[in-house]
Amino acid sequence: MSYTTTLADEAATQALGKSLAPCLLPGLSIYLHGDLGAGKTALTRAILHAAGHQGHVKSPTYTLVEPYQIMLGQQAVKLLHFDLYRMISAEEFLEAGFREEFNESNICIVEWPEKAEGILPEPDLHIFLSIAGDGRHVELQALSDKGNECLALLRF
Ligand code: ADP
Ligand code: MG
């Protein structure tokens, strides 16, 4: 299953994040693709805020990951926001124990998954963002049953 749309402005990106938040499932992994400024962090921020996170959402550029806890209904779920842009080596990723975070319980949202190609598992969902005029083009592509389940819930 896949879904394509345009996001005319930042408010539309926020609205997509708000629509995606209730579609999240435990164990779901989402890989965000797109150039610098495409809106990967903006979308993640919108998802987190819509999922009930009240504080700041910083871009984990230097730490590679920032963990959050969100509520899916009554269930507390760990959501990890990765930004692998500055990842130096596979060893760095593996030694930090990041590979173990991609499991049946956690939600993982990853910017720059290309930097860890070969060591990251296949995601449930790819989201491709690109600059289109003043706005953004977005494509959501499910790769697994869980990804399809997520997209089937999406109302946007
Ligand atoms: P990335 O994480 O992909 O490098 P950011 O989310 O940090 O990108 O930055 C995206 C920039 O684009 C922000 O300045 C944001 O305000 C802007 N932006 C986000 N969505 C849209 C949109 N749909 N149309 C126009 N500008 C957008
Ligand atoms: Mg970013």
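These exercises work through the fold of a predicted model.

**Exercise 1. Establish which elements make up the protein and how compact it is.**

Step 1. Count the elements. There are five helices and seven strands.

Step 2. Read their order. From the N terminus, the elements run β-α-β-α-β-β-α-α-β-β-β-α.

Step 3. Compare the radius of gyration with the globule rule. The radius is 14 Å, and the rule gives 15 Å for 156 residues. The two values are close, so the protein is as compact as a globular protein of that length.

Step 4. Add the extents. The C-alpha trace spans about 40 × 40 × 30 Å along its principal axes.

Step 5. Check burial and contacts. Buried residues make up 33% of the 156 residues. Take the contacts with a separation of 6 or more: 67% of them join residues 24 or more positions apart.

**Exercise 2. Lay out the sheet and find its edge strands.**

Step 1. Write down the strand order. The seven strands form an open sheet, β1-β7-β6-β2-β5-β4-β3. Its pairing is mixed.

Step 2. Look for strands that pair on one side only. These are β1 (2-7) and β3, the edge strands.

Step 3. Note the twist. Neighbouring strands are turned by 20° against each other on average, with direction ignored.

Step 4. Inspect the pair β1 and β7. Strand β7 covers residues 135-142, and six bridges join it to β1. The two strands run antiparallel. For one bridge, pick threonine 4: its partner in β7 is glutamate 139.

Step 5. Place α2. This helix packs on the sheet and touches β2 (29-33), β3, β4 (75-83), β5 and β6. The direction of α2 makes about 160° with that of β5.

**Exercise 3. Examine two residues with positive phi, leucine 64 and tryptophan 112.**

Step 1. Recall the background. Most residues other than glycine have a negative phi.

Step 2. Read the two angles. Phi of leucine 64 is near 70°. Phi of tryptophan 112 is about 60°. Neither residue is a glycine.

Step 3. Locate leucine 64. It lies in the loop between α2 (40-50) and β3 (65-72).

Step 4. Locate tryptophan 112. It is found in the loop between β5 (107-111) and β6 (125-132).

Step 5. Decide: buried or exposed? The cut-off for buried is 20 or more other C-beta atoms within 10 Å. Leucine 64 has 22, so it is buried. Tryptophan 112 has 20 such neighbours, so it also counts as buried.

Result: leucine 64 and tryptophan 112 are loop residues with positive phi, and both are buried.

Key
Residues numbered from 1 in each chain as written. Chains lettered and ligands numbered in written order. Predicted model: local features only at pLDDT ≥ 70, side-chain atom pairs only at ≥ 80, totals over all residues. Helix = DSSP H or I, 4+ residues; strand = E, 2+ residues; numbered from the N terminus. Buried ≥ 20, exposed ≤ 12 C-beta atoms within 10 Å, placed from the backbone. Rg over C-alpha atoms; globule rule 2.2 N^0.38 Å. Contact = placed C-beta atoms within 7 Å. Pairing = 2+ DSSP bridges. Axes fitted to C-alpha atoms, helices over the stretch in contact; angles between N-to-C directions.
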